[in-house]
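Hi there,

Here is the structure I promised to pass on. Have a look at it first, and my notes follow underneath.

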Amino acid sequence: MLSKQNKQDIFALLLARYPKKKAIPMEEIQKYLEENGLQFQEFGYQNIESLLTDLKEFLELKITQGKGKKEANCFLHDYQEVKTKPPVKTTKVPPKKEAAKKTKTIVTKKEEDKTKEKGSLEKDILSALFRKNLYSLGKEYPLATLSKTLTEGGIDCHKYGFGKMKTMLKSLPEDFRIRDVELKGIPQPFVTILKAPEKALPVVKREEKSSKKTAPEEKVDDFFIPDILFLAFKESVHPGLDDQTIKRQIHEDYLLSRTKGTLEKREEGTFFPLRFLNQQGEKLYALVRKSDSKTPYRYYLNYIGPDKDKPKEYLRNMVHFNDLEKDIKALAQLARKEDWCYHNSKDHYIILKIYLQYTFYRLVTQKKIKVDEKSGFACFNTGLVTNDYEPIYAVLLKNQDKSIKEDYLFQGFSIAGIQGYGKIIVEHFSPLPEKATYFDDPNVLYLPPDVEIHSDIPHILKDNLDRFPLNFLEKLSAPFEDIHKVILQIKKEKNDTKIERLYNTLSEKVQKSDLFLALIKTALEMAIRRGIRMIRYDNHLLLPTFFPTRNVFSLLLPLSFESDDKVDAVLILEKTQSGNYQGQTILTLKQSYVNSRLIAPLEHSYLKAHEIED
């Protein structure tokens, strides 16, 4: 018979296709379930009618007898747990009450014990916190940070009769003040230390006095590092260091960068290099952002990892353009007609700019920038072609002007052999520069018939809800009032920062709803299965893509959530050493476009720039 999880999966399956409260022929539902691999015999039912009758939580089966013909229709409704039979034995109520009374007495005794031991508990906790001079009196810290210190100091809340560390600290209101603070839309408990051990008081008072002097002049380096970044950092680097040491070294790197004048002010925050390398040998960087006014920290660490802008910077740092906008427009006019911006893009050549930046970076890494040392000319293949499919090249000249920092001066775009720069190309370069390549074996464009795809669905559902189509989320969340409300707020909001916070709130609420998680998990698994069927029918739907920041070639599996003939998102597939494929994450169509366009034009694919909203 069907388990609770089976029923929730079927509910999600039906809801993805059929509306509620409308008649659906039983035969149609049977066919649909069988197409998705669900046979009533496998679950021990004699027929489809008995299986559907067992779905009382969300389906009503109505059978009517017409003119010699029986009609069976199904009606979907909101999921409601079916109550089991009420308890028959009522004579056990008095003993239950008596048991509750005894329990209450025991709890009261524990509370009395806690009161008696309060002095000892207070002393133990404060001693553990101030043992290594990590904390200051009157300052506020994340509860998670204090909890870690207390646990490492041998303070187990359960041994003191408390279920949680937060409850234990709340029992000492004279020593600690606890409040919930929203960080990026997610409430997190923070603790203010109000008291210190007696022998530590003189030291703490001096620290407190000092902090009062500097508080109005708070420095940017007093930034908070979220626990999630510590975890991501350790997975990437494996430094074998504890959190406090990592924190100290990151702060030291910031101060060193500030002293050397190497801090970089970017639009999203302050960017600076770290002493660490990741497992691929790449240098790591950190980004500090100004936090919301509601948080106890003016600044927080937002990112640790390789320089995401590195590929874009190569063209900007190596080639000097007198008028980049004019030159990009000239390239667009020379090349075959193509959509070089998204729907409602303010910059009409935004896609072409990023394409050229990423292509140039790839050519540099593949050493395909041709240089004629004698004449000083340089040249590279843009990867674009004219209407006659003639390759388009960029002509550069070695910089001799000391007032210009770039290595080369841009001269123009041209095809080989024509008057002007075209003659320079054929006179100074043989063979002609090759275009960038992203794979050697064409077989990587195909998935083997028996391939297994393993997707990191928990990660996708926790961190990437903003990549699911909003209309789909709105429809799926209709039975869940609190989740539905947040989604409607996201649809109305125009401010990017507020939208980001709302998505964080949405993620938190979704993680607390087992039923909604089951629904969206089933919908995602269905979309993946449908995507596999699509590429089995037409392999051209499996688009290749390349991520310059990670130097990784991947494949894009199309995902449809609302309509079978419309692709809403893509699943990133990367081949593992075992030969299987890992579904890393999902991306929106906009996030997918430029990286896929690097490899080939997309005019005949489901990725159409003019249909993608900027």
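A good place to start is Phe-272, which counts as buried at 0% relative accessibility. Please keep in mind that this is a predicted model.

Phe-272 belongs to a cluster that ring pairs form with Phe-223 and Tyr-254. The other two members are tucked away as well: Tyr-254 counts as buried with 2% relative accessibility, and Phe-223 counts as buried with 3%. Between Tyr-254 and Phe-272 the ring centres are 5.2 Å apart and the planes stand at 80 degrees, so this pair is edge-to-face. It links distant parts of the chain, since Tyr-254 is in helix 10 and Phe-272 in strand 8 (residues 269-277), 18 residues apart.

The chain has 19 aromatic pairs by the rule applied here. Another of them joins Phe-223 and Tyr-254: with centres 5.7 Å apart and planes at 80 degrees, the pair is edge-to-face. Phe-223 lies in the loop between helix 8 (201-214) and helix 9 (227-237), while Tyr-254 is in helix 10 (residues 243-260), so this pair ties together parts 31 residues apart in sequence.

Two charges over rings may interest you too. The charged end of Lys-62 sits over the ring of Phe-75, 5.0 Å from its centre, and the charged end of Arg-597 sits over the ring of Tyr-355, 5.1 Å from its centre.

As for the whole chain, there are 20 helices and 20 strands. Of its 614 residues, 42% count as buried. The chain exposes about 35,500 Å², with carbon and sulfur atoms supplying 51% of that area.

Best wishes

Terms used. Residues are numbered from 1 along each chain as its sequence is written. This is a predicted model: local features need pLDDT of at least 70, side-chain atom pairs count only at pLDDT 80 or more; totals for chains, interfaces and linings use all residues. Side-chain values use heavy atoms; hydrogens and water are left out. Helices (H or I, at least four residues) and strands (E, at least two) are DSSP runs, numbered from the N terminus. Buried means under 20% relative accessible area, exposed over 50%, partly exposed in between (1.4 Å probe, protein chains only). Accessible areas come from the Shrake-Rupley method with a 1.4 Å probe; for residues, only the protein chains shown count as cover. Rings of Phe, Tyr and Trp (its six-membered ring) pair if their centres lie within 6.5 Å; planes under 30 degrees apart count as stacked, over 60 as edge-to-face and the rest as tilted. A charge sits over a ring if NZ of Lys or CZ of Arg is within 6 Å of the ring centre and within 35 degrees of the ring normal.
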